[in-house]
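Got your viewer open and the selection box ready? Let's take a walk through this one, stop by stop.

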Amino acid sequence: MANSRFAYVRSFELPDPLLPSTYIVCRIDGRSFHRFTEAHGFDKPNDERGLRLMDRAAEGVMREVPDVLLAFGESDEFSFLLKKDSTLYARRSSKILSTLLSIFTANYVFHWPAHFPHTPLQHPPSFDARIVLYPGEREVRDYFAWRQADTHINNLYNTVFWALVLQGGLDTTHAHAELRGTISSQKHELLHARFGINYNALPARYRKGSVLVRTKPVLSPSNPNGEVAVLHVDIIRDEFWEERPWLLR
Ligand code: DGT
Ligand code: MG
Ligand code: MG
Ligand code: MG
Ligand code: MG
């Protein structure tokens with residue numbers, strides 16, 4: 001078949017290599033998860049089962065693809081960092097993106113029943129993905145800081161919003177109105193004064209998101225890629241990165 005008269009169509013398949021020696025970041029995001037989480041009765045603002053399932057799907061990606069060194073997840077999204085000198089699939093963009101996306105989605109569905117034993121899937125969840133290249137350590141650090149800052153801002157807002165609605169009895173329009181123009185310290189104060197909630201005492205998984213990191217590569221044949229640890233820690237400050245220099249170098 002290789003040399004049939006049809007084989008010329010192969011030449012329409014164009015190469016799509018990613019620039020060498022750059023950090024590859026792939027971000028996956030749930031499609032219409034507003035609807036998906038509603039249809040499956042997710043707790044508001046955070047559903048621990050759903051967040052653990054996202055972590056499990058990301059772990060599945062890291063187990064299957066050793067070049068992924070780090071992943072960060074919040075809400076319905078996960079970002080994956082590949083090592084700078086990765087030669088995975090000759091750095092073919094669509095091959096890398098589609099593979100990570102597919103492994104993630106398959107793991108999400110595969111592990112659904114273990115995380116939601118009493119909630120059958122009502123419709124198939126799906127995700128989109130993009131790849132972004134970053135030239136240096138600074139931009140990679142700032143990318144992950146951007147995502148974790150987003151986690152913080154959204155979670156603080158959503159925590160107060162849902163306290164006003166579910167505990168305070170406000171409708172959603174009035175809850176939004178109440179929060180309009182408030183700064184971070186006012187939201188902390190409102191939570192504490194009206195609902196007795198100390199924001200900083202809420203689970204770190206909700207406040208910090210999930211960080212999956214390959215522990216320092218152990219050079220043993222049975223475990224050449226190290227273990228994957230699931231953490232809920234600050235990745236904006238230097239400490240996390242200084243303790244793990246192999247992530248960026
Ligand atoms: P998209 O990404 O444009 O296809 O649309 P969505 O609806 O996925 O929007 P996005 O990604 O901006 O926002 C994520 C949605 O998922 C948001 O409506 C809240 C929902 N969601 C994520 N995690 C949780 C959770 O733990 N509990 C609940 N109740 N909802 C969640
Ligand atoms: Mg999206
Ligand atoms: Mg989404
Ligand atoms: Mg999202
Ligand atoms: Mg094939």
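Before you count anything, settle the labels: helices (H or I, at least four residues) and strands (E, at least two) are DSSP runs, numbered from the N terminus. Bear in mind, too, that this is a predicted model.

**Stop 1: the whole chain**

Start with everything shown as cartoon. How many helices and strands are in the chain? You should find nine helices and six strands. Along its principal axes, the C-alpha trace spans about 75 × 45 × 35 Å. Colour by burial and 27% of the 249 residues come up as buried. If you draw contacts between residues at least 6 apart in sequence, 70% of them join residues at least 24 apart.

**Stop 2: ligand 1**

Now select ligand 1 and the residues around it. There are 17 of them, and Phe33, His34, Thr37, Phe42 and Asp47 come nearest. Which elements give two or more residues to this shell? They are β1 (23-30), α1 (33-39) and α2 (48-64). The most comes from α1, with three residues. Switch to colouring by residue class, and the shell divides into four nonpolar, seven polar and six charged residues.

**Stop 3: the annotated site**

Next, select Asp29, Gly30, Arg31, Ser32, Phe33, His34, Ser75 and Asp76, which an unreviewed UniProt entry annotates as "binding site". They are spread over 48 residues of sequence, yet they cluster in space, with a largest C-alpha distance of 12.2 Å. Phe33 and His34 should look familiar, as they are also among the residues that come nearest to ligand 1.

Keep just Asp29 and Asp76 for a moment: the unreviewed UniProt entry also has a "binding site" annotation covering these two. Again the sequence spread is 48 residues, but here the largest C-alpha distance is 5.6 Å.

Zoom in on Asp29, which lies in strand β1. Asp29 counts as partly exposed because it has 14 C-beta neighbours inside 10 Å. Leaving aside neighbours within four places in sequence, Asp29 is in contact with Asp76, Glu77, Phe127 and Asp128.

Hop across to Asp76, in the loop between β2 and β3. Is Asp76 buried or exposed? Asp76 has 20 C-beta neighbours inside 10 Å, so Asp76 counts as buried. With neighbours up to four places away in sequence set aside, the contacts of Asp76 are Asp29, Gly30 and Phe33.

One more residue here: Arg31, in the loop between β1 and α1. Arg31 is exposed, because there are 12 other C-beta atoms within 10 Å. Not counting residues up to four places away in sequence, Arg31 touches Ser126, Phe127 and Asp128. Phe127 and Asp128 were also on the contact list of Asp29.

**Stop 4: the nonpolar core**

Hide the ligand and go for the largest nonpolar core, which has 37 residues. Good ones to pick are Cys26, Ala58, Ala71, Phe80, Leu81, Leu100 and Phe104, the residues with the most contacts inside this core. At least two core residues each come from β1, α2, β2 (68-74), β3 (77-82), α3 (93-110), β4 (127-134), α5 (137-167) and β5 (210-214). Which element gives the most? That is α2, with seven residues.

Click on Phe80 to see a piece of this packing: apart from neighbours within four places in sequence, Phe80 is in contact with Val25, Cys26, Val61, Val68, Ala71 and Leu100. Then look for a second, separate core of five residues, including Leu156, Val160, Ala163 and Leu164.

**Stop 5: helices α5 and α7**

Those last four residues also take you to α5, where they are among the buried residues, as are Val140, Phe144, Arg147 and Gln148. Run a distance between the end C-alpha atoms of α5 and you get 44 Å. The 31 residues of α5 should span 45 Å at 1.5 Å a residue, so the two values agree. After α5 comes Gly169, with a positive phi near 75°.

Finish at helix α7 (residues 184-195), which has 12 residues. From first C-alpha to last, α7 reaches 16 Å, close to the 16 Å expected at 1.5 Å a residue. Following α7 is Gly196, where phi is positive once more, near 65°.

Methods
Residues numbered from 1 in each chain as written. Chains lettered and ligands numbered in written order. Predicted model: local features only at pLDDT ≥ 70, side-chain atom pairs only at ≥ 80, totals over all residues. Near = placed C-beta within 6 Å. Nonpolar A, V, L, I, M, F, W, Y, C, P; charged D, E, K, R; others polar. UniProt positions renumbered as here; feature names shortened; annotations may be inferred. Contact = placed C-beta atoms within 7 Å. Core = buried A, V, L, I, M, F, W, Y, C linked by C-beta atoms within 7 Å. Expected span 1.5 Å × (residues − 1).
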